[in-house]
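Colleague: I've got a model open and I'd like to learn how to read it. Can you walk me through it?

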Amino acid sequence: MALISPRQLNPVTLVALAAGVLVCVPIITIVCMGLFGQSDVWAHLVDTRLPQYLSNSFGLVVGVSLGVVLFGVPSAALVSLCDFPGRRALSLALLLPLAFPAYILAYTYTGLLDPAGPMARWIDPRALDSIRSLPGAAVMLSLVLYPYVYLLARASFLSRSASTLEVGRTLGLTPLRSTIKLALPMARPAIVAGLTLALMETLADYGTVAFFGVPTFTTGIMRAYHGMGDAVAAAQLALTLLAFVALLVLLEKYSRRKLRYFSGSSRRSHSRVQLTGRNAGLAILVCALPPLLGFGVPGLTLLWWGLTDARDQWVDLVPHALSSFGLASAAALLLVGSALALGYAERTAPSRLTRGLTQIAGLGYALPGTIIAVGVLIPLAQADQWLFLFFRDHLGVNVGLPLTGTVAAVLVAYGARFTAVSLGAITSGLGRIKPSLDEAATLLGYRPLQIVRRVHVPLMRGAVLTSALVVFVDVLKELPATLILRPFDFNTLAVRAYELASDERLLDAAPASLMIVAVGLIPVVYLNRSVSEAKY
């Protein structure tokens, strides 16, 4: 396959190449600066802080691994393989914590469990203080990230539950033993995939660990860049974290290197085990506890604070909400367009270049926002310097900082971070369109851009809407990249909530947090409907 041929170059392919290069730039920048840059403080960081970053990040990974598996797998097995009162409602409720960013959950529980808070009279104050610790951060992250494991494990159990239970019966196994010995091993690839997604989010988290005072790679990168003013040291820390993420991905692939699972295409409905009495009560408790702790308690707490103690904050929140929604809308439009171009180029002009760029674009979501921000800011700062000197020397115009001084840098970071999210939905939608339709449109004289606009987009309206919606919500919740790259005096809801919480104004942070959570519920409900309506 050629790198790319001249006849394959058209406006859509050029947009695809530009989008792919845009995602590659932060990674290339981090690798080059991390390997070849000279830092004044790197030796000091290696001797003093790096061991702590490594141990805390590893501790978070271990703690969150245990938490998401314990919360996600039993509940997925129960709602998929068993029938008990409230099962349908609980199957949706178990997804609701996805709407909560971990840092908002951390603020809420800190306010609830504060020694002067409402829970102080029932709980030992020493236990309340312990939430701001590595185990506390692991619990907060587990409560919002377990739905990744739950969702994928649930889909796996649903696709194989009928045949699994029948095989178990023929072998004389009870439903519980059948689940443990047959269904659970077959769901292992899905569980590992969900666990990997949760751990990537864990390594990418900044707001929770920063608020709890737990030094990790993300807080170290922010400290090196902003506190020490050393971009090279930040890049070297980012490269170390990037190696951590790459190791995680390789371990996930290695764990299933020899695993092959096949499921039949039978459309008959599967039978569930009927639970009654004490067993039904235990199932309800197991399935209700994670969403109660991850959504119910913090959601009601934020609502109470927002309607009572923080009523005056709603008016002040309007400009931040407008900034957030405008930024998220612009990012959704740009990223959906880029994903359409990348998907179309891979479909109609396959080459090593387009395929490689598409694969690299898929890596963006695996990178923490702090890495993306540093990788974007360094080349854009250099480009700003060139632009400033060019316009000053040749045109006598002071253009200021047209890239790093505006939201352009933030949008570039969002493109590098979330193109993978958009690309997944678009690729899935394109895969359901027959190539013969492209050929017919070409015979009718349509150009590539017209084919995308008049043929593909109408046929995959649902995929485009899903892509835009997920990107919109992800951008709305994104904190570290926005915190580093935002222009002066430009705040989003996430940044405003973080600033208020960092100043210990936890009650005042409730309105901004509520708005983020409320918008985040939309794709969660849509996602649950898609899974529930799927035919297994």
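Modeller: Let's go from the overall picture to a helix pair and then a surface patch. Keep in mind that this is a predicted model.

Colleague: Fine. How many helices and strands are there in the protein?

Modeller: The protein has 24 helices and two strands. Of its 536 residues, 52% count as buried. Take contacts between residues at least 6 apart in sequence: 83% of them join residues at least 24 apart. As for the surface, about 24900 Å² is exposed, with carbon and sulfur atoms supplying 65% of that.

Colleague: Now the helix pair. What describes two packed helices?

Modeller: Two numbers do the job: the angle between the axes and the distance between them. Here, helix α11 (residues 217–227) packs with helix α17 (residues 369–395) at an angle of about 30°, and their axes are 9 Å apart. Angles under 35 degrees count as roughly parallel, so α11 and α17 are roughly parallel to each other.

Colleague: And which residues of α11 and α17 make the contact?

Modeller: From α11, you have T218, I221, M222 and Y225. On the α17 side, look at T370, I371, V374 and L377.

Colleague: On to the surface. Which residues form a nonpolar patch there?

Modeller: That would be L282, L285, V286, L289 and L292, which together have about 430 Å² of accessible area. Pick out L292, which sits in helix α13 (residues 277–307).

Colleague: Why does L292 count as partly exposed?

Modeller: Partly exposed covers what lies between buried, under 20% relative accessible area, and exposed, over 50%. L292 has 45% relative accessibility, so it counts as partly exposed.

Conventions: Residues numbered from 1 in each chain as written. Predicted model: local features only at pLDDT ≥ 70, side-chain atom pairs only at ≥ 80, totals over all residues. Heavy atoms only, no water. Patch = residues over 30% accessible without salt bridge, like charges linked within 9 Å, V, L, I, M, F, W, Y side chains within 5 Å. Areas by Shrake-Rupley, 256 points an atom, 1.4 Å probe, with all protein chains shown as cover. Salt bridge = Lys/Arg side-chain N within 4 Å of Asp/Glu carboxyl O. Helix = DSSP H or I, 4+ residues; strand = E, 2+ residues; numbered from the N terminus. Buried < 20%, exposed > 50% of the residue type's maximum accessible area, 1.4 Å probe, protein only. Axes fitted to C-alpha atoms, helices over the stretch in contact; angles between N-to-C directions. Parallel < 35°, antiparallel > 145°, perpendicular 65-115°, else oblique. Contact = heavy atoms within 4.5 Å.
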